[in-house]
Amino acid sequence: MKNVKLIFLTLVSVLLVLPLNTFAKEAYLINNNGITISEEEYNNFIKIRPYEYLITMDEDDYNKLKGLDYSNVETTTKYIQTVYNRRYNAITEKEITKEEYESNIMPILDDGDTYIETTNKKLNLVLVGGTTWNYVVLNAIWKGTPAVRSFDVIGIRGDGVDFRNGSQSGEQIYSENGKYTKIDYAWNGTNIKRFSNGFGISMNVVNNDNLDSLVMSVECDVTPTDTFSDIFGAYEHAVTNVSLEESHNYTLEASGLGEVFNFPLKVRQKYDGMTGVHLFYRQ
């Protein structure tokens with residue numbers, strides 16, 4: 001009996017002197033919803049989702065990210081600078097480096113007679129492999145904020161893949177004076193348009209004055225139907241006012257904007273026509 005008491009007292013003593021983080025996950029980041037993220041989790045999550053998403057995600061979002069296989073991640077990224085000359089209705093685009101993207105840029109330049117909007121955007125398409133369904137995310141991250149705030153469109157088209165209906169969703173995340181806000185877009189909401197070969201979501205860019213950051217994202221689950229499959233992602237920014245109805249006037253085609261959105265000409269001219277991103281998926 002004495003030996004049992006001695007063992008018990010020894011265990012209690014050890015528990016008292018050990019630091020708390022021996023038994024609890026050490027916090028690397030605690031987000032706006034009180035979710036604790038470890039350093040290892042953060043380093044995995046940031047591979048597929050930007051900081052703005054991590055700081056605003058809820059428990060369901062966290063559990064989904066936690067359940068992914070981070071040893072099987074494919075990604076492609078482009079940094080694009082777009083210049084829109086409103087006077088001549090002319091749009092020019094060039095692919096830039098990550099360093100150029102990160103450099104400070106004024107979202108609006110005005111030389112008096114000519115009204116010009118210059119924007120840098122990062123477009124990132126990610127696929128995380130699974131046993132049956134593969135998780136796909138498209139992130140469009142602004143450097144600076146747009147002058148025109150209307151219905152932008154963001155979406156994913158697949159060739160040789162099936163889309164799991166109900167998995168399609170999206171978010172618009174922005175920060176203002178350091179405060180982050182997320183707007184969710186459901187798979188069956190009024191802003192989404194679904195097809196057998198993909199989907200798009202129309203997002204009305206928030207019109208707040210003092211935006212610090214702006215991120216648009218969509219996600220879905222896909223499974224390959226061919227040995228060789230392709231996934232395309234595109235984000236098109238409206239350079240003039242567009243109604244929700246106009247923003248839905250597209251099909252998903254290889255000949256469309258960003259190899260995704262095929263608008264009739266009268267609507268096509270209202271978007272910046274930014275290049276899309278593409279992943280080859282091999283089983």
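**Salt bridges, aromatic contacts and pockets**

Asp-221 is buried in the predicted model, its relative accessible area being 8%, which falls under the 20% limit for a buried residue. The carboxylate of Asp-221 takes part in a salt bridge with Arg-164, in which the closest N and O atoms are 2.6 Å apart. Because Arg-164 lies in the loop between strand S9 (161–163) and strand S10 (169–176), whereas Asp-221 belongs to strand S14, this pair ties together parts that are 57 residues apart in sequence. Arg-164, for its part, is partly exposed, with a relative accessibility of 32%.

In total, nine salt bridges are found in the structure. Side chains of opposite charge can pair when their charged atoms come close. A further salt bridge is formed by Lys-64 and Glu-219, with 3.3 Å between the closest N and O atoms. Since Lys-64 is part of helix H4 (residues 59–66) and Glu-219 is part of strand S14 (residues 211–224), the contact ties together parts that are 155 residues apart in sequence. Lys-64 is partly exposed at 31% relative accessibility, while Glu-219 is buried, with a relative accessible area of 7%. Asp-184 forms a salt bridge with Lys-182, for which the closest N and O atoms are 3.7 Å apart; with a relative accessibility of 54%, Asp-184 counts as exposed. Through salt bridges that share partners, Arg-49, Lys-64, Glu-171 and Glu-219 are joined into one network.

Contacts between rings were examined next. The count of aromatic pairs comes to 11. One of these pairs consists of Tyr-28 and Tyr-42, whose ring centres are 5.1 Å apart and whose planes meet at 50°, an arrangement classed as tilted. Tyr-28 is placed in the loop between helix H1 (2–17) and strand S1 (29–30), and Tyr-42 in helix H2 (residues 39–45), so that the pair ties together parts that are 14 residues apart in sequence. The two tyrosines fall into separate accessibility classes, since Tyr-28 has a relative accessible area of 44% and is partly exposed, whereas Tyr-42, at 16%, counts as buried. An edge-to-face pair is formed by Tyr-250 and Phe-261, with 4.9 Å from centre to centre and 85° between the planes. Because Tyr-250 lies in the loop between helix H6 (244–247) and strand S16 (251–257), and Phe-261 in strand S17 (residues 261–262), this pair ties together parts that are 11 residues apart in sequence. Tyr-250 and Phe-261 are each buried, and with Phe-195, Phe-263 and Tyr-271 they form one aromatic cluster.

Aromatic rings also lie beneath charged side chains. Arg-49, which belongs to the salt-bridge network described above, lies over the face of Tyr-53 at 3.8 Å from the ring centre. In another such contact, Lys-121 lies over the face of Trp-142, at 4.7 Å from the ring centre.

Rolling a probe the size of a water molecule over the atoms shows where empty space is left. The largest pocket has a volume of about 350 Å³, and of the 22 residues that line it, Pro-50, Glu-52, Tyr-101, Lys-122 and Ile-141 are the closest to its centre. Two or more lining residues are contributed by each of helix H3 (51–56), strand S3 (73–85), helix H5 (98–102), strand S6 (115–128), strand S7 (134–143) and S14. Among the elements, S7 gives the most to this lining, with four residues. By class, the lining of the largest pocket divides into eight nonpolar, six polar and eight charged residues.

The second largest pocket has a volume of about 160 Å³. Of its 13 lining residues, those closest to the centre are Asp-61, Ser-169, Glu-171, Asp-184 and Glu-219; among them, Glu-171 and Glu-219 are members of the salt-bridge network, and Asp-184 is the salt-bridge partner of Lys-182. The elements that give two or more residues to the lining of this second pocket are H4, S10 and strand S11 (179–185), and the lining comprises three nonpolar, two polar and eight charged residues.

Note on methods. Residues are numbered from 1 along each chain as its sequence is written. This is a predicted model: local features need pLDDT of at least 70, side-chain atom pairs count only at pLDDT 80 or more; totals for chains, interfaces and linings use all residues. Side-chain values use heavy atoms; hydrogens and water are left out. Rings of Phe, Tyr and Trp (its six-membered ring) pair if their centres lie within 6.5 Å; planes under 30 degrees apart count as stacked, over 60 as edge-to-face and the rest as tilted. Buried means under 20% relative accessible area, exposed over 50%, partly exposed in between (1.4 Å probe, protein chains only). A charge sits over a ring if NZ of Lys or CZ of Arg is within 6 Å of the ring centre and within 35 degrees of the ring normal. A salt bridge is a side-chain nitrogen of Lys or Arg within 4 Å of a carboxyl oxygen of Asp or Glu. On a 1 Å grid over the protein atoms alone, a cavity is a set of points where a 1.4 Å probe fits but cannot get out, and a pocket is an open set with protein on both sides within 12 Å along at least five of seven lines; lining residues have an atom within 4 Å of a point. Grid points are joined across faces, edges and corners, and a volume is the space filled by probe spheres set on the points. Ala, Val, Leu, Ile, Met, Phe, Trp, Tyr, Cys and Pro count as nonpolar, Asp, Glu, Lys and Arg as charged, and the others, Gly among them, as polar.
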